[in-house]
Every structure is written in C-alpha cells, then in structure tokens.
Amino acid sequence: MARMQIRISRRMLFTWFMLTGFILLLAPQELTNKCQLAFAHIFRWPLSIGRGVSLSARSPQPFTDLVPRREYNKLQNHLANLEARLRQQHQKLEKLSKLRNRFAMEGAKVVLADVTTAAINELHSQLIINRGKDDGLDTGQFVLGDNGIIGRISEVSSRTARVRLITDPTSKIAVKIAGLNVNRLMQGAGSNSAGIPYLDIRHKVEIGNVVYADKEPGFLDAPMIIGKVAQCKRGNENPSVWDITIEPVCDIEGLKDVAIIIMNPQE
Amino acid sequence: MRWFRFAVLLSLVTVLQASVLASLNIRPDLPLILLVFFAIYCNTHDAIITSFTIGFAADIIGYTMGPQIISFGILGTSLAYLHRLIVIRKMPYQALAIFVTGLLAGALTYILTFLKGQPTAANLYAVLFGTPLYSAIAGPFLFLPLAWWMRIKKRKA
C-alpha cells in the first residue's frame, strides 16, 4: 500500500510539474519575461562579476603608449555621428532657413547603464542592463555602445531592461548607407552581424561604407552610426540586388556599459 | 537529498552558465550535466523534482520560458527510471548518457520553441550536437566535485 502511494505520488508530481511547464510555455511572453528580468535583477552582482571574469580572460593586455583600438573606434563613431548631425542641420537650414529650428538631440537625456549579462549567438543577441522604468527607460529606445547604436530596449521592468541588439535575428531597424539617398531596413543575422537585403545593384556600395540608423520621431532626432559595410555581394536568388553584410561599430560582447537615449525625458 | 545544498549549487550553476560561459563559443551545458548527475545518483522521486527544477533554471537564463522545463523534466525522469534498470557508473557511459540526453533535450526544446512561435537556431546541428558533445566531455569529470558537494557516495562499478 505504501509503495502504491509513493508510485501515485511520483505520477502526481510529474503531472503537476508538466502542467506547470505547459502553463509557462503557453503564458504570454511579456509575462514570462518578467521572471527572467527578475532573476537578472536579483543575481545582478554575481552575474556582473562572472561577466567581468569572462571579459578579463578574453581582453588583450593594453599598450600604454598607443591609443587603444576601442578608444579610436569610439572617437571615430562620435565623429561620424557629428558629421551626420551636421549634414542634417545643413539640410534643414537650407530648407527652413526662415523658421526657428531646434537642434537635433537637444533636450535628449542619456542614461548610463552597466551590462549585467550578454548572450550573443546565432539564435539571439541580447543584453540585460541594470536600468529600468525607474530610470526613465521604455521599450523602443535606442541604446548606444562606444557612441554607436547597438540595439533597442525590447523589454523593461522597474530596475532591469533587455536590449535587443542590432544583430539579433528579430531586430529590424531603418537605416541609411552613407552617400546613398535610400532608406532600407537592416535585419539582424546573428553571429555579430546584420544584413541589408534587396538593395538595387545600381547603388554604389563599398566595403567600409558607414551605415546610419535613420531618425525616428520620439526615439532618435538625428541619424547615428550603427555599423559599417563588411561585405557586399550580389544576391544568391536575385543577382540584380545587393546582399549587404553589416558589422557593428564596436565590440558588443566586450561592452561593460551602455548609454540609452531618452528623447523626451519626463522630468 | 540535501535540498539547501541543491539550491545553492543550482544558483551557482545558473549564474555561471549565464555569465562566465555565456560568451564562450565552445561551452558545456552545466544544467544538462547537473540533470544527468541527479538522475543517476538520486532516487526517482528526487530525480523528478530536480529535473524540473533544473529545467526551470535553464529557462530562466534562456530566451523563452517553458521548453526546457518540459524537455529536462521528461528526459530527467526517463533517465531516472532507466537508471533503475541499467547502472550508469563508468565515465564513458556517463558521457554517453549526457550526450544522448543533451541531444534529445535539444531536439525537444527546439520543437517546443518552434511551436511557441519563438525564433529558433539557424544552425540546428551545431546546437544539437555541439553543446551535448562538450557537455559529455566535461560532465563526468564534474560528477566527483558534485557528489562531494551533495554528500552523495559514488559507488564504484
């Protein structure tokens, strides 16, 4: 009898656990994401330490008499952003010279956040950061790393947020290639790259061309650098279009902190 | 079963997997190793609880909730029942158990993730074979410290 009871108990246990699993599986993603963000918030210190250990193991020894590559890239990105902003202001000045104009990014707030965890692979590319709704973050806001756009806030809890990186396969961001007057959608391709498909082959695209995230009302006032053209080849299915591979302008995996652009801060 | 030790161990493994191992290209799946360890060395009742709990932890650090709790639960329970018939004590057999469990868990997770409508891996073979293989290589060597921490006596075959 006792053995029988134990057997039933095991079955019940298994059944209840399976039921829990299916409830979690069928529950809305927004709801279950809160569990994941709560874990990231509760364990933020050990996760940060672990990530620090991982980063220190892979980062090379710095040279004291040379400018680090990361610093150089960061300044290059800043320069590209300023150039884009200047170009935009010139265009506006030409068109609306008689009207009072507001400078791009004027009044925007930048919130700095530490990266708690990073998961970058073929399937997903995302960061968990230690800032949330309490700091003014909201979904859709652009995230900067080394002065270049690296992603957008995809989920946010009170003190934690998830950043969907530009390389995530589900990421789609409107972009412009420097020198071309066409707007395209850049889609993440996993493995630290993104792509711009179906660009007409008449457009002249070269490796190294800068790609800017297009301005988006409420989120981004002026174009900002998002990547560079790493590869440009004719499409496999349709040779009359370019298949462009974009690489981010910074080492996203090595980032320890990021900045979030809040265009209309609620003060 | 020492549940407090289990909770500490699972927290540590979850944090390690999500932080230190997350950025490595070649990495073992520590929750998978833990799953096989408890399925082999615990009684069936405890193995069911640990399997689902480890699956839940794997989901927490994963991308979507549900697929791993189900796949780990089913495979951990199956392995625990299988272990009542076949003793898995030698390291090569343990490695094989980890590899096969990882393979099946990966396939089931993939199917459930697909059914949930979430993005799935483009390179399926690397996900299905790579991680279980690395786990199978590292896993049996981790069983000794795991047994020491959990105060489980490993009997020689």
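**Figure 1. The closed barrel of chain A.** In this predicted model, six strands of chain A form a closed barrel in the order S6-S7-S8-S11-S10-S9, paired in antiparallel fashion. Going from one strand to the next, the twist averages 45 degrees.

**Figure 2. A look at strands S9 and S10 of chain A.** Zooming in on the barrel, strand S9 (residues 210-213) of chain A runs antiparallel to strand S10 (residues 224-234) of chain A, and four bridges join them. If you would like a landmark here, find A:Val211, which stands opposite A:Gly227 in S10(A).

**Figure 3. Chain A as a whole.** Stepping back from the barrel, you can count four helices and 12 strands in chain A. Of the 267 residues in chain A, 37% are buried. Take the contacts in chain A between residues at least 6 apart in sequence: 61% of them join residues at least 24 apart.

**Figure 4. Where chain A meets chain B.** This contact draws on 32 residues from chain A and 29 residues from chain B. On the side of chain A that touches chain B, the elements giving two or more residues are helix H1 (2-26), helix H2 (29-42), helix H3 (44-58) and strand S1 (109-120) of chain A. Which element of chain A gives the largest share of that side? That is H1(A), with nine residues. Sorted by class, the side of chain A that touches chain B holds 18 nonpolar, 10 polar and four charged residues.

**Figure 5. Chain B as a whole.** Here the secondary structure consists of six helices and zero strands, and the pattern along the sequence of chain B reads α-α-α-α-α-α. The radius of gyration of chain B is 15 Å, close to the 15 Å that the globule rule gives for 157 residues, so chain B is as compact as a globular protein of that length. Along the principal axes, the C-alpha atoms of chain B fill a box of roughly 45 × 30 × 30 Å. Buried residues account for 49% of the 157 residues in chain B. Among contacts in chain B between residues at least 6 apart in sequence, 70% join residues at least 24 apart.

**Figure 6. Helices H1 and H2 of chain B.** Two packed helices are described by the angle between their axes and the distance between the axes. For helix H1 (residues 3-18) and helix H2 (residues 30-41) of chain B, the axes come within 9 Å and cross at roughly 150 degrees. Because angles over 145 degrees count as roughly antiparallel, H1(B) is roughly antiparallel to H2(B). To follow the contact by eye, look for B:Val13, B:Leu16 and B:Gln17 in H1(B), which meet B:Leu30, B:Pro31 and B:Leu34 in H2(B). By class, this contact of H1(B) with H2(B) has five nonpolar residues, one polar residue and no charged residues.

Terms used: Residues are numbered from 1 along each chain as its sequence is written. Chains are lettered from A and ligands numbered from 1 in the order in which they are written. This is a predicted model: local features need pLDDT of at least 70, side-chain atom pairs count only at pLDDT 80 or more; totals for chains, interfaces and linings use all residues. Two residues are in contact if their C-beta atoms, placed from the backbone, lie within 7 Å. Ala, Val, Leu, Ile, Met, Phe, Trp, Tyr, Cys and Pro count as nonpolar, Asp, Glu, Lys and Arg as charged, and the others, Gly among them, as polar. A residue is buried if 20 or more other C-beta atoms lie within 10 Å of its own, exposed if 12 or fewer, and partly exposed in between; C-beta atoms are placed from the backbone. Two strands pair if DSSP finds at least two bridges between them. Axes are lines fitted to C-alpha atoms, for helices over the stretch in contact, and angles run from 0 to 180 degrees between N-to-C directions. Angles under 35 degrees count as roughly parallel, over 145 as roughly antiparallel, 65 to 115 as roughly perpendicular and the rest as oblique. The radius of gyration is taken over C-alpha atoms; the globule rule is 2.2 Å times the number of residues to the power 0.38.
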